Amino acid sequence: MLTKRIIACLDMDGGRVVKGVQFKNLRDAGDPAECAAAHARNGADEIVLLDITATSGNRETLLDAVRGTARSLFVPFTVGGGIRQLEDAEAVFAAGADKIAINSAAVREPALIGKIAGRFGSQAVVVAIDAKKINGSFAVFVAGGRISTGRDAIQWAREAAVCGAGEILLTSMDRDGTQSGFDCELVRAVAEAVSIPVIASGGAGSARDFIEVFRDGRADAALAASIFHFGIENISQLKRELHDANIPVRWPC
Amino acid sequence: MISTSKIAIVDYGAGNLNSVKKAFDYIGAEVVVTDQPETVLAVDKIVLPGVGHFSSLQALNRVGLREALLQATSAGKPFLGICLGMQWLFEGSEECSEIAGAGIFTGRCRPFPSAVKSPHVGWNSLQIDVQNGSRLLQGIAQDSFVYYTHSFHAPLVAETTAVSDYGLQFAGAIERGNTFGVQFHPEKSGDVGLSILKNFGEL
C-alpha cells in the first residue's frame, strides 16, 4: 500500500541550518548533511533543503551544502530556494539533488516548469506555492510571501500540473510557524483539483495535525521543519502515532 | 564490499544519473557512467536507469546502445533496469507505442487505472514471491518499503519476483537468469535499496 510521506525540511541560511536543528548527538547541529542524515535515520521519507539566504550571489555555498548532504543520503532529496532558470536547476541536480522546488520563478515564467521537466522529468520538479486566504479564496504570494500575485492558488496549482510539475508543495502562510495545524481546507481544495501529489506545509504542531491533514486534507505528504523538536521528539515517534491511527506510513523503517 | 567487477551505468541523456552512481559508490562498487556501446560490452555488469517518458528510450537506438544491451543480456551479462530501464525490458509501453522495448519479457506497460492518482509517487511495500527465490531480493524482508515514482507500470509476468499494490497489482521486480528489473528506485529506498544494489554488485 502506498504510504503517506513525512518530509523533513531544513531551512538553510548561508550554508547553515537555521531551524529544526536541536538534535542530540550531532557533532555539528547546523550542518545540513548531519541534520539530513539524522532525520533519515529517524524515519524521514524525504528531505527538503530550502535555501532562505536573503542575499544572492553565493550559489557555491548552496551547491557545497547540496553535495555534502547528497553524498550519504539515500532517500529522495529536494532542493529549493533561488532557482530562477534551467541552469540553476542543472547545477543543483549535478550537485546531487533528486528534485528541485521552484516558486517565484515558476509564477514569473510558467514555461520554466516544462523546461526543467523536459530535461530531468516531471518527477524532479516540485512547484512550491505559498497561499494565503483573502476574502474567502486562496491567493498566491511570491518572494518569500512578501508579494501578492493576485492569482488563485487552486488555479495556479492546476496550471503548474499542466505545465509539467510532478508535485505541489503547498504552504499555508496563515498557518506557517503557528503550530496550530495544517490548513486542511486549502490542502483538500488543491489535492482534489490536481492529480499530482500534494505536499502540505505550514502549521504542523502535533501528531493529530498530521492525522487530520492526511484524512481531511487528503494530502499525499506532509512537511515540517521546526516541529521535530517541539512536542514531537522525532519522526519515528510521529510515524508510530500515525500508524496507530491507521494512517499508512513507512513504519517501522 | 565486492568483487572487482565493473558496472556500467548507461547514460542515454534521460534524467539524472547521479543518485544511481552515488549509491553504487557508497557500497563500494566500481562504476563507470557511459554512453559508449563498446564500454557496455566491455564491462562485467550493466545498469540501465531512467526516469520520465518512454520516448526518451529512443536515444538508445540513436547511439547504438540498444544493440549492445541486447547482445550483452543475451550473452548472460548481469543487467539491472531501474524504473524506465525495467520497462524497456518489456515489448513496449502505451506511453509511446512507436518505441519498441527489448521484448525480453512479454507484455506492454500500461497506465494506472483512473481510480487512483497518477503518477504513483512515494514509498510502497513489496510483496516478495518467496517461491521464486529471487537473487536480487535475497535477504530483503517481506513488505519492505521502497520508493516509486512513475505513471506507467509493467504487467505481471511469470518472472515477477515482487509486486506492489496501487489501484492494481503491478510488477515491482522481475528477474530471469541474469536479467533483472525494478520499477522502484533502489538508490532512493534507504537501506533496503542499498541492500538490493549490493546484491546486484555481488552477483
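**Group meeting: a helix and an interface**

Okay, let's start right after a helix: in chain B, α4(B) is followed by G76(B), and the phi of G76(B) is positive, near 90°. Keep in mind that this is a predicted model. On the confidence side, ipTM comes out at 0.94 and pTM at 0.95. For chain B, the mean pLDDT is 94, with 98% of its residues at 70 or more.

Now back up into the helix itself. α4 of chain B covers residues 65-74, and its buried residues are L65(B), R66(B), A68(B), L69(B), A72(B) and T73(B). So where do these sit around the axis of α4(B)? They're on the same side, because they span an arc of only 165° around that axis. Here's the background: an α-helix has 3.6 residues a turn, so residues three or four places apart point the same way.

And what covers those buried residues of α4(B)? Among the elements in chain B are the strands β1 (6-10), β3 (45-48), β4 (79-82) and β13 (179-182), plus the helices α2 (37-42) and α3 (58-62).

Next, where the two chains meet. Chain A puts 27 residues into the contact, and chain B puts in 28. On the chain A side, that's 13 nonpolar residues, seven polar and seven charged.

Last stop, chain A and E90(A), which lies in helix α3, residues 86-94. Why does E90(A) count as partly exposed? Because E90(A) has 16 C-beta neighbours inside 10 Å, and 20 or more would make a residue buried, while 12 or fewer would make it exposed. From E90(A) to I211(A) is 121 residues in sequence, and 36 Å in space, C-alpha to C-alpha.

Terms used. Residues are numbered from 1 along each chain as its sequence is written. Chains are lettered from A and ligands numbered from 1 in the order in which they are written. This is a predicted model: local features need pLDDT of at least 70, side-chain atom pairs count only at pLDDT 80 or more; totals for chains, interfaces and linings use all residues. Helices (H or I, at least four residues) and strands (E, at least two) are DSSP runs, numbered from the N terminus. The arc is that of the directions from the helix axis to the C-beta atoms. Two residues are in contact if their C-beta atoms, placed from the backbone, lie within 7 Å. Ala, Val, Leu, Ile, Met, Phe, Trp, Tyr, Cys and Pro count as nonpolar, Asp, Glu, Lys and Arg as charged, and the others, Gly among them, as polar. pLDDT is the predictor's confidence in each residue, from 0 to 100.
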